[in-house]
Amino acid sequence: MRGRILVIKLGALGDFAQALGPMQAIRQHHQGTPVDLLTTPPFAEIAEATGYFDRVMARGRMKWHEFGKIADLRQLLRGGGYDRVYDLQTSDRSSFYYRLFRPGPFPEWSGIARGCSHPHANPDRDRLHTIERQRDQLAMAGIHDVPPPDLSWAEADISRFGLDGPFALVAPGGAAHRSEKRWPADRVGALSDLIAQAGIAPVLIGGADEKPLHDAIRVSAPAARSLAGNTSLLELAALAKSARFAVGNDTGPMHLAAIAGIPTAVIYSHASDPALCAQRGPNVTILREPKTEDVAVDQVAQALGL
């Protein structure tokens, strides 16, 4: 191919992390051809750090009536000189981007957009785990060697956090509108206290909006450190590589921990299906009960070897 390659991956963090293997595969398959990424602003830094892309373009979510932003994106896409697009988002939103190439010419397109050249035509695609679904999609587009995601490229100075001894990552939060996916704060506090008693510093991670949750946990686990809203995604990946282990709910940071290869215990309720979205890595334990409160502290501690 003489033009450029475009990869589309917008988010969220867990989905972006699990797409790292396909991104690497696309980069290797198209050696010598510039590869761009279209993503959203939260993932720009980490995408650039991978080294998989010649250019990272970050655009926020557009509403249907923001015609100026849509026109700017259309100009960006049509002027990019793209021979092929790999839509790893495969959503209505990203499929709409295919229509922005009207009236043509259209690039080759791997995804689910109607009329595209390389559709992911597997009728069972929505019943596949994210990893298998994207591997299957790329195979239909001619890419058969897709490595598992890795964080070998993730380097950041984490000395500012002052974590001189062994530490563990604890992710007690998650999407605010999915409270049914959260392990109760008192259980997280009890486990964090056990971690501290084992001589390992429990480090609470999450967004700035989760600081009140971290404060509640620290009531019963005063040795826990809160980094709520104080880490970039690249720093979070670097922390995952250095941690003794990680534990938390089904949330984005746990995907980074799993990929980093450290022992990772993830708590699930029946609100989500690990067969479709579970964290993947060499040392992952999934602890699933009908409700998260049905998962006992001792059960998690045993999974982590405490």
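This is a short dialogue about a predicted model and the reasons behind its structural labels.

Trainee: What makes the pair of Tyr98 and Trp109 edge-to-face?

Mentor: Start with the count: the structure holds six aromatic pairs. In this one, the ring centres of Tyr98 and Trp109 are 5.1 Å apart. The cut-off for a pair is 6.5 Å, so the two rings qualify. Their planes stand at 70°. Planes over 60 degrees apart count as edge-to-face, so that is the label for Tyr98 and Trp109.

Trainee: Why is this pair said to tie together parts of the chain?

Mentor: Look at where the two residues sit. Tyr98 belongs to helix α5, residues 92–99. Trp109 belongs to strand β5, residues 108–111. The pair therefore links parts that are eleven residues apart in sequence.

Trainee: How do you know whether Tyr98 and Trp109 are buried or exposed?

Mentor: Set each value against the cut-off. Buried means under 20% relative accessible area. Tyr98 has 9%, so Tyr98 is buried. Trp109 has 0%, so Trp109 is buried too.

Trainee: What makes Phe101 and Trp109 a pair, and of which kind?

Mentor: Their ring centres are 6.3 Å apart, which is within 6.5 Å, so they pair. Their planes are at 75°, and over 60 degrees means edge-to-face. Phe101 has a relative accessible area of 4%, so Phe101 also counts as buried.

Trainee: Which residues form the aromatic cluster?

Mentor: Tyr98, Phe101, Phe106 and Trp109 form one cluster.

Trainee: What else is found in the loop between α5 and β5?

Mentor: Pro105 is there. A cis peptide bond joins Gly104 to Pro105, with omega about 0°. Gly11 and Ala12 are also joined by a cis peptide bond, again with omega about 0°. Ala12 lies in the loop between β1 and α1.

Trainee: Why are α9 and α10 called oblique?

Mentor: Two packed helices are described by the angle and the distance between their axes. Helix α9 (residues 233–242) and helix α10 (residues 252–260) pack at about 45°, with axes 8 Å apart. About 45° is not under 35 degrees, and it falls outside 65 to 115, so α9 and α10 are oblique. The crossing of α9 and α10 is right-handed.

Trainee: Which residues make that contact?

Mentor: From α9 come Leu233, Leu236, Ala237, Ala240 and Lys241. From α10 come Pro253, Leu256, Ala257 and Ala260. By class, the contact has eight nonpolar residues, no polar ones and one charged residue.

Trainee: What makes α7 oblique to α8?

Mentor: Helix α7 (residues 185–197) and helix α8 (residues 211–220) pack at about 50°, with their axes 8 Å apart. That angle is over 35 degrees and under 65, so α7 is oblique to α8. Their crossing is right-handed.

Trainee: Which residues of α7 and α8 make the contact?

Mentor: α7 gives Ala185, Val188, Gly189, Ala190, Ser192 and Asp193. α8 gives Leu213, Ile217 and Ser220. By class, five are nonpolar, three polar and one charged.

Trainee: What makes helix α2 mostly covered?

Mentor: Count its residues. Eight of the ten in α2 (residues 20–29) are buried. They are Leu20, Gly21, Pro22, Met23, Gln24, Ala25, Ile26 and Arg27. These buried residues pack against several elements, including β1, α1 and β2. Among the others are α3, β4 and α6.

Trainee: Why is Asn230 called partly exposed?

Mentor: Its relative accessible area is 36%. Buried needs under 20%, exposed needs over 50%, and 36% lies in between, so Asn230 is partly exposed. Asn230 sits in the loop between β9 and α9.

Trainee: Which residues does Asn230 contact, leaving aside neighbours within four places in sequence?

Mentor: Asn230 touches Arg160, Phe161 and Glu235. As for Gly206, its C-alpha is 8.4 Å from that of Asn230, though the two residues are 24 apart in sequence.

Trainee: What is notable about phi of Thr90?

Mentor: Phi is near 45°, a positive value in a residue other than glycine. Thr90 lies in the loop between β4 and α5. Its relative accessible area of 12% is under 20%, so Thr90 is buried.

How values were computed:
Residues numbered from 1 in each chain as written. Predicted model: local features only at pLDDT ≥ 70, side-chain atom pairs only at ≥ 80, totals over all residues. Heavy atoms only, no water. Phe/Tyr/Trp six-rings, centres within 6.5 Å; stacked < 30°, edge-to-face > 60°. Helix = DSSP H or I, 4+ residues; strand = E, 2+ residues; numbered from the N terminus. Buried < 20%, exposed > 50% of the residue type's maximum accessible area, 1.4 Å probe, protein only. Axes fitted to C-alpha atoms, helices over the stretch in contact; angles between N-to-C directions. Parallel < 35°, antiparallel > 145°, perpendicular 65-115°, else oblique. Left-handed = near helix turned anticlockwise from the far one by under 90°. Contact = heavy atoms within 4.5 Å. Nonpolar A, V, L, I, M, F, W, Y, C, P; charged D, E, K, R; others polar.
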